[in-house]
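Thanks for coming, everyone. I'd like to walk you through one structure today, stopping at a few residues along the way. Have a look at it first.

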Amino acid sequence: VEKVQSVRAKYRHAAGLICRDELGRAGDAAAHLSAALDDDPSLDRSSEALEELLEDRQEWKELARFYRKQLKRLGTESPNDADGRNGERLRVWSALGAVCLEKLGERESALAALEAALTFDRGSLERRKQLADLYVQAGPDKFDKSIVEHQLILKSEKNRILSYRALKHLYIQTGQREKSVQLSVALCFLKKGEPDDLTKANTYKHQAMAIARRGLSDEMWLRLQHPDEDRYLDALFALTAPMLAAAT
């Protein structure tokens, strides 16, 4: 009979706890806690209790459904975390991805959830490593995405051999054999080359170098330069090179 939703939510929360703790009626407890959240989405106590209940009962489909409803309650990303809830959004997206992947075997749903989680935590290398592996498992349609993730990983971990080897095979499978050869050369340079890498690297070394047919414009150079390159040092070397060359 209670008409005020926020008050009714507290009654439903209490009913859910009584059903769970005193009566042993887990199904009714879940229904009451879910109804409490429908009345008052900000009632974190009900959210925590319902999530814990579904986990304990290993009701994975219901848990995934709960996470999806929770994400709707939280709403879209808050710019600059104005509402202070982006951390919770990240946690729920991550948890949904884990449930879909590990408990339900729903790889596509897991990928979508983990991609969403990455938007809240772009600096997470562990999440990128997980996505890179999952893209490979998902099949050829996702190989390009795996390549992008491994490249981003190597930008931070330049000696990660697993990413060099993964990229080598991904380039082969996507018809980019010249790039695959460069990965074999890199592996040999890092003293981690396998027999096929040594063969490719030796073959590559004995190929004739292509001679440039024209000078590089500023626009062309921007496409070639390394992301870590310092243009001020470039200018300094350009000034000093003629004198150094003359001396030698």
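Let's begin at R8, which counts as partly exposed because its relative accessibility is 23%. What does the side chain of R8 meet in a salt bridge? The partner is D39, with 2.9 Å from N to O. These two come from distant parts of the chain: R8 sits in helix α1 and D39 in helix α2, residues 26–39, with their positions 31 residues apart in the numbering. D39 is at 11% relative accessibility, so D39 counts as buried. Please keep in mind throughout that this is a predicted model.

While we are at helix α1, look at Y11, which is also placed there. Y11 has 54% relative accessibility and therefore counts as exposed. Y11 and A36 are 25 residues apart in sequence, yet their C-alpha atoms are 7.9 Å apart in space. Y11 also joins V4 and V7 in a nonpolar surface patch of about 270 Å². V4 belongs to the segment before α1, the helix that covers 5–21. Is V4 buried, exposed or partly exposed? With 44% relative accessibility, V4 counts as partly exposed.

Now for a patch of another kind. On the surface, E48, E52, E55 and D56 gather into a patch of negative charge. From this group I'll pick out E52, which lies in helix α3, residues 44–56. The relative accessibility of E52 is 46%, so E52 counts as partly exposed.

Back to salt bridges. How many does the count come to? It comes to 23 salt bridges. As a reminder, side chains of opposite charge can pair when their charged atoms come close.

My next example is E149, in helix α8, which runs over residues 143–156. E149 forms a salt bridge with R128, and the closest N and O atoms are 2.8 Å apart. Again the pair links distant parts of the chain, E149 in helix α8 and R128 in helix α7, residues 125–138, at a separation of 21 residues. Are the two partners, E149 and R128, buried or exposed? Both E149 and R128 are buried. For E149 the relative accessible area is 8%, and since buried means under 20%, E149 falls on that side of the cut-off. If we leave aside neighbours within four places in sequence, E149 is in contact with L118, A132 and Y135 as well as R128.

Compare that with the pair D228 and K158. Their side chains meet in a salt bridge too, at 3.9 Å from N to O. Where do the two residues sit? D228 is in the loop between α12 and α13, the latter spanning 231–247, while K158 is in the loop between α8 and α9, the latter spanning 161–173. They are 70 residues apart, and this pair also links distant parts of the chain. D228 is exposed, with a relative accessible area of 52%. K158, at 44% relative accessibility, counts as partly exposed. Salt bridges can also share partners, and in this way R165, K168, E194, D196 and D197 are joined into one network.

Since D228 brought us to α12, let me stop at M220, which is found in that helix, residues 218–224. M220 has a relative accessible area of 27%, so M220 is partly exposed. Not counting residues up to four places away in sequence, M220 touches R214 and G215.

Two backbone points before I finish. Which value does phi take at D81? Phi of D81 is near 55°, a positive value in a residue other than glycine. D81 is in the loop between α4 (60–74) and α5 (86–103), and at 33% relative accessibility D81 counts as partly exposed. The other residue is K191, again not a glycine, with a positive phi of about 65°. K191 lies in the loop between α10 (177–189) and α11 (195–205). With 72% relative accessibility, K191 counts as exposed.

That's my tour. Thanks for listening, and I'm happy to go back to any of these residues with you.

How values were computed. Residues numbered from 1 in each chain as written. Predicted model: local features only at pLDDT ≥ 70, side-chain atom pairs only at ≥ 80, totals over all residues. Heavy atoms only, no water. Patch = residues over 30% accessible without salt bridge, like charges linked within 9 Å, V, L, I, M, F, W, Y side chains within 5 Å. Areas by Shrake-Rupley, 256 points an atom, 1.4 Å probe, with all protein chains shown as cover. Salt bridge = Lys/Arg side-chain N within 4 Å of Asp/Glu carboxyl O. Lys, Arg positive; Asp, Glu negative; His and termini not counted. Charge placed at Lys NZ, Arg CZ, Asp CG, Glu CD. Helix = DSSP H or I, 4+ residues; strand = E, 2+ residues; numbered from the N terminus. Buried < 20%, exposed > 50% of the residue type's maximum accessible area, 1.4 Å probe, protein only. Contact = heavy atoms within 4.5 Å.
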